[in-house]
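Good morning, colleagues. Please look at the structure on the screen while I describe the ligand site and the enclosed spaces.

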Amino acid sequence: MPARETWATRIGFILAAVGSAVGLGNIWRFPFLTSDSGGAAFLVVYLLFVAFIGFPVLLVEFVIGRRSERNPVNAFERLGKPAWTFAGVIGALAGFVILSYYSVVGGWVLRYIIASATGAYFADPAAYFETVATGTDAVAYHAVFMALVAGVVAVGIRDGLERAAKVMVPSVIVLLVILAAYGATLSGASEAYSYYLAPDLGELSGNLLSILPAAAGQAFFTLSLGMGVMITYSSYLGEDRNLVSDGLTVVAIDTMVAFLAGLVVFPFLFTQGVDPGEGGVGAVFISLATAFAQLPAGRILGVVFFFMLGIAALTSAFSILEVIVSFLIDNFGVDRKVGTIAIAAILFVIGIPTALDLNVLTAYDAVANNILLILGGLLLSIFVGWVYAEGSLDEFVRGAGSSASLSTPWIWVVRTLVIAVLAVTLYLGTQDVITTLQETVL
Ligand code: TRP
């Protein structure tokens, strides 16, 4: 078997991890979740979750990955705990579910780049979304998106993922800053900022029970946690580095991008009088498209926005496919190109039902985010906190200039707060999924 691949540079690893984290979750899901859940009050709770749940779990995945130098399925065996392999299998399963529909949404984004240029949705954005979201066209764009993802993953870690991330991640940030700056010049900007940024404490205490699980789920999804993406990426690290500062960089940039996305989306919506609370899978495609249809430079803005969203979605999708491909390579010595094409083809087929029926897409999203990811994160935290604590602490402090003094606080947060919160979230999320499935399928 050839030597295992590694990242060429530290910045390459960080940008690839940021590329995974920054995606549809930040730009498509976050602003609308914020408005559905009451604006600034949600933002406060979300930031607390990112800091006290998301960041410690990111380090949990980094520790498992760097220690085992394996994909999530094989990592546990390599660490001497083969009984825990099932935790990695749940992660890989989550990957199949997530990427299959993520690619369908990615396909919509690709289509909207073209549709913005031609103004195809300008007459009636809602009706346009309804026609293109499902059907043969949606399947075709899903195929194109999946092919783009496979094309980069097939090339490998250094020349594929790392090189792509180095160009794509900075582009997303630059384009978002330009769009946010434009948003600041719009007439609805000040109203939008006060809605987005001034927390209403009455709202916070009144809705805390519904805000909590939504904020926890979003913190997890946006940081790509719970399915082993960060295990896989850190397994290619090779030499010693400071995991804490790498993790902090990833969390800080991801949070900044989500925050920036809010600064883009809300001024557009408030200026055009579009209700920001219009949630659901079509949110960005209908509400924001409505704003583009009415603004003077709408075509250009639409192209820039959806192009930026497409890049962000691609770098996230790479990471999910890489988890599964890495399993095939580590385990069976499968050739990277052959493995990538085979898995992409399977994912394409699994995604077809979601490209034909939005209820199926919503069901995939709910099962993956509310159950599989949270369960995965809970199991990984129990493993690191209680089962493999000594080795985990040892790995945490390994490397030049590591933040050794943080190892004890970290492991106790994982052992107590993280596990308790994820257990409650899993319970609430499972209830939610059962209700959703009863409403849509049964
Ligand atoms: N974090 C990405 C986003 O915000 C989505 C994503 C990529 C993801 N890989 C993941 C979510 C793994 C959960 C698990 O769009």
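A polar contact here is a pair of N or O atoms within 3.5 Å; within protein, one must be able to donate a hydrogen and the other to accept it, and residues adjacent in sequence count only if both atoms are side-chain atoms. A backbone N or O atom of Gly-25 lies 2.7 Å from an oxygen atom of the ligand. Two contacts involve a ligand nitrogen atom: a backbone N or O atom of Ser-20 is 3.2 Å from a nitrogen, and a polar side-chain atom of Ser-224 is 3.0 Å from a nitrogen. Taken alone, the ligand exposes 360 Å², and the protein buries 100% of that (accessible areas by the Shrake-Rupley method with a 1.4 Å probe; for residues, only the protein chains shown count as cover).

I should state the basis of these values. This is a predicted model, in which local features need pLDDT of at least 70 and side-chain atom pairs count only at pLDDT 80 or more, whereas totals for chains, interfaces and linings use all residues. Residues are numbered from 1 along each chain as its sequence is written, and side-chain values use heavy atoms, with hydrogens and water left out.

Which residues come nearest to the ligand? Of the 17 around the ligand, they are Ala-21, Gly-25, Tyr-102, Phe-221 and Ser-224 (near means a heavy atom within 4 Å). Helices H1 (10–21), H2 (24–36), H11 (208–222) and H15 (298–332) each supply at least two residues of this shell (helices, H or I, of at least four residues, and strands, E, of at least two, are DSSP runs numbered from the N terminus). The shell has nine nonpolar, eight polar and no charged residues (Ala, Val, Leu, Ile, Met, Phe, Trp, Tyr, Cys and Pro count as nonpolar, Asp, Glu, Lys and Arg as charged, and the others, Gly among them, as polar).

I turn to the cavities. On a 1 Å grid over the protein atoms alone, a cavity is a set of points where a 1.4 Å probe fits but cannot get out, and lining residues have an atom within 4 Å of a point. The ligand sits in the largest cavity (more than half of its atoms lie within 2 Å of the grid points). That cavity holds about 160 Å³ of space (the volume filled by probe spheres set on the points, which are joined across faces, edges and corners). Among its 18 lining residues, Ser-20, Ile-98, Phe-221, Ser-224 and Ile-320 lie nearest the centre.

The second largest cavity has about 60 Å³. Helix H8 gives the largest share of its lining, four residues.

Terms used. 1 Å grid on protein atoms, 1.4 Å probe; cavity = no way out; pocket = protein on both sides within 12 Å on 5 of 7 lines; lining within 4 Å.
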